[in-house]
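Reader: I would like to understand how the words used for a protein model are tied to its numbers. Could we go through a few of them together?

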Amino acid sequence: MSSPSFAHASDASPEVWPLSARWFLVLGAISACASVVFSAAFAHLPVFAGGVPAAVQTALSQQQFHSLGLLFTGLALRVCGASRWIQAAGWLMLVGLLLFSFNLYARHVFGWDALRPLVPWGGMAWILAWLALAMGLAQGFGRSNRQA
């Protein structure tokens, strides 16, 4: 029995993937991994002996969701090309992770409250990220339809 051959294996090689696509894929995978580590750690930290606060649970679920968003953004850059809209979406998702999720973790785990006013800006970054992604996808698919 022969192994399956891939006619377009060279098309999928990392060399032809935009650098930004590779970065967002790697960062999305690392963020997803970190969310699992944080979730397990928070379940056992003495500071959360009475239970993990709702704000931290929200930060974890948002980190998990936007980690998938980063992975999707990396794939979208591969499919649609190096769109500025899609790149902006990826960077805004990262900003949202820092300002929202990691900010809430720091506040509840370490008692560090200095950047508390930036939490809503993290949420705004995510809203803008999804809008930017929509714009980039609309433009990217519009280009591919004109070329077909």
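Reader: Where in H3 is the kink centred?

Author: The kink in H3, of about 30°, is centred on Phe 102, the bend at a residue being the angle between axes fitted to the seven residues ending there and the seven starting there. This is a predicted model, in which local features need pLDDT of at least 70 and side-chain atom pairs count only at pLDDT 80 or more, while totals for chains, interfaces and linings use all residues. Residues are numbered from 1 along each chain as its sequence is written, and side-chain values use heavy atoms, with hydrogens and water left out.

Reader: Why is Gln 63 called buried?

Author: Buried means under 20% relative accessible area, exposed over 50%, and partly exposed in between (1.4 Å probe, protein chains only); Gln 63 has a relative accessible area of 0%, so Gln 63 is buried.

Reader: What makes the pairing of the Gln 63 and Tyr 105 side chains a polar contact?

Author: A polar contact is a pair of N or O atoms within 3.5 Å, where, within protein, one must be able to donate a hydrogen and the other to accept it, and residues adjacent in sequence count only if both atoms are side-chain atoms. The two side chains make such a contact at 2.6 Å.

Reader: Which of the two words, buried or partly exposed, fits Cys 33, and which fits Cys 80?

Author: Cys 33 has a relative accessible area of 47% and is therefore partly exposed, whereas Cys 80, at 10%, counts as buried.

Note on methods:
Helix = DSSP H or I, 4+ residues; strand = E, 2+ residues; numbered from the N terminus.
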